Amino acid sequence: TTRAKDETLSSLTHCRQRKPHIKARCIGSCWWCCCCSTQAGGVRKWSVGRELAVEEREEIYKMAGSSESEKDYGTILSVSGPVVIADRMAGACMYELVRVGHSRLVGEIIRLTKDTATIQVYEETSGLTVGDPVERTGSSLSVELGPGIMGSIFDGIQRPLATIREMTDDIFIPRGVSVPALSKTKQWEFAPEKLREGSFISGGDIFGVVYENSLLEHRMLVPPDIQGELRYVFPA
């Protein structure tokens, strides 16, 4: 076990020099390097029950820069077209958003049976194999609303096609690509509501508007979990 651990750490260190955000994941009874999608250090699967000790796993996660827990991952049991069945998914919810495989394909849980989940994957599933990881996100599949939504073209899961085209220089959408639905850098003209300093605001209150065009205005609402006294309103 000690030798396997040393080989794994050595391999992950080498991969981390090439890709700083490399992560290590425990799949079954062996550790996988998510940089090269292969078993780290060429370490073979150990016999059942010979997994790394808890403190050794934590050392690998810490070195790889990952704070994720092993319980947030399941493994693929079978793949049939866009439908993937995964086990070790106890605690998952119906319609929860998941990331499937090493390419982190977008999927949604459509059925739960004990600790097994049936997943609808919204991307090409070629290349997925039994044992690949399935990452639980804890959130549902949703869309982002805000300024810029009317001037963009999206695919079925709200990925902006123009942004992907600029980023990849390709007419096809790469598998597993993840980009913000709306631009985080573009600036819009903001008009604050007639709120006075000292006013109490809470979730759902409108504190301003943004005009995307002559036909559409976006009303800015206080998030549902925030409330308090208004200290200062910046001028428009």
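The following exercises, each with a worked solution, concern the predicted model shown above.

Residues are numbered from 1 along each chain as its sequence is written. Local features need pLDDT of at least 70 and side-chain atom pairs count only at pLDDT 80 or more, while totals for chains, interfaces and linings use all residues, and side-chain values use heavy atoms, with hydrogens and water left out.

**Exercise 1. State what average pLDDT the protein chain has, and how residues 1-68 should be read.**

Step 1. pLDDT is the predictor's confidence in each residue, from 0 to 100. The protein chain averages 75, and 69% of the residues score at least 70.

Step 2. Over residues 1-68 the pLDDT is below 50. Where pLDDT is low, the predicted coordinates should not be read in detail.

**Exercise 2. Describe how strand β7 pairs with β6 and with β8.**

Step 1. Strands are DSSP runs (E, at least two residues), numbered from the N terminus; two strands pair if DSSP finds at least two bridges between them.

Step 2. Strand β6 (residues 96-100) pairs with β7 (residues 105-113) in the antiparallel sense, over four bridges. L97 has E108 in β7 as its bridge partner. Four residues lie between the strands of this hairpin, and G101 in the turn has a positive phi of about 75°.

Step 3. β7 also pairs in the antiparallel sense with β8 (residues 116-121), over six bridges. Here L112 stands opposite A117 in β8. This hairpin has two residues between its strands, and K114 takes a positive phi near 55°.

**Exercise 3. Identify the strands that supply the largest nonpolar core.**

Step 1. A nonpolar core is a set of buried Ala, Val, Leu, Ile, Met, Phe, Trp, Tyr and Cys residues joined through side-chain atoms within 4.5 Å. Buried means under 20% relative accessible area, exposed over 50%, and partly exposed in between (1.4 Å probe, protein chains only).

Step 2. The largest such core has 14 residues; among those with the most contacts inside it are V98, I109 and I119. At least two core residues come from each of β5 (83-87), β6, β7 and β8, and β8 gives the most, with three.

**Exercise 4. Decide whether E135 is buried or exposed, and find its polar contact with R104.**

Step 1. E135 is found in strand β9 (residues 133-140). Because its relative accessibility is 11%, E135 counts as buried.

Step 2. A polar contact is a pair of N or O atoms within 3.5 Å; within protein, one must be able to donate a hydrogen and the other to accept it, and residues adjacent in sequence count only if both atoms are side-chain atoms. The side chains of E135 and R104 make such a contact, at 3.0 Å.

Methods. Contact means heavy atoms within 4.5 Å.
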